[in-house]
Amino acid sequence: MNTLRIATCLVAATCLQFSALVARAHDVGEHVQPVFQHELPNVPGKSMIAAVVTYEPGGKSPAHHHAKSAFIFAHVLSGSIRSKVNDGETKVYKTGESFYEEPGSSHSISENASETESASLLAVFVVDSDDKKLTVPDK
């Protein structure tokens, strides 16, 4: 019975963390699909969380920032993604290319570079295990 309770708690915690990613996705042509979450056994207090972000043609994310502890690695799975992090230049990343965001970064542009084809990326977060809001829209 204890194993079932622990599993239920882990599932609930996963849903809470991903709800911050998914909540804003449906009205901007962006879809977020959680694919992995696990505490890092060799780094106490840290977790790895991954999600596939798919953009419809012309889809985008609102300007946002992530949990202050979050280091994010993004790998483009299909199409082309236009991105601007902090004061860096706006870049277009194509299938197979990657970029990252340092903890505390501001992501002012994250969008599909195409108006006719969809695009997707794998976002991998290394974050404090107790951070519940992974993505926060800028005001």
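**Strand pairing and a buried aspartate**

Me: Which residue in strand 9 is the bridge partner of H64?

Reply: The bridge partner of H64 in strand 9 is H107. This is a predicted model, in which local features need pLDDT of at least 70 and side-chain atom pairs count only at pLDDT 80 or more, while totals for chains, interfaces and linings use all residues. Residues are numbered from 1 along each chain as its sequence is written, and side-chain values use heavy atoms, with hydrogens and water left out.

Me: What makes strand 4 and strand 9 a pair?

Reply: Strands are DSSP runs (E, at least two residues), numbered from the N terminus. Two strands pair if DSSP finds at least two bridges between them. Strand 4 (residues 64-66) and strand 9 run antiparallel and are joined by 2 bridges, so the definition is met.

Me: How do you know that strand 6 pairs with strand 9?

Reply: Strand 6 (residues 80-85) and strand 9 have 5 bridges, in the antiparallel sense. Within strand 9, R82 has E111 as its bridge partner.

Me: Why is D131 called buried yet without a salt bridge?

Reply: D131 lies in the loop between strand 10 (119-128) and strand 11 (135-137). Buried means under 20% relative accessible area (1.4 Å probe, protein chains only), and D131 is buried. A salt bridge needs a side-chain nitrogen of Lys or Arg within 4 Å of a carboxyl oxygen of Asp or Glu. The nearest side chain of opposite charge to D131, K46, is 6.8 Å away, and D131 has no salt bridge.

Terms used
Helix = DSSP H or I, 4+ residues; strand = E, 2+ residues; numbered from the N terminus. Buried < 20%, exposed > 50% of the residue type's maximum accessible area, 1.4 Å probe, protein only. Lys, Arg positive; Asp, Glu negative; His and termini not counted.
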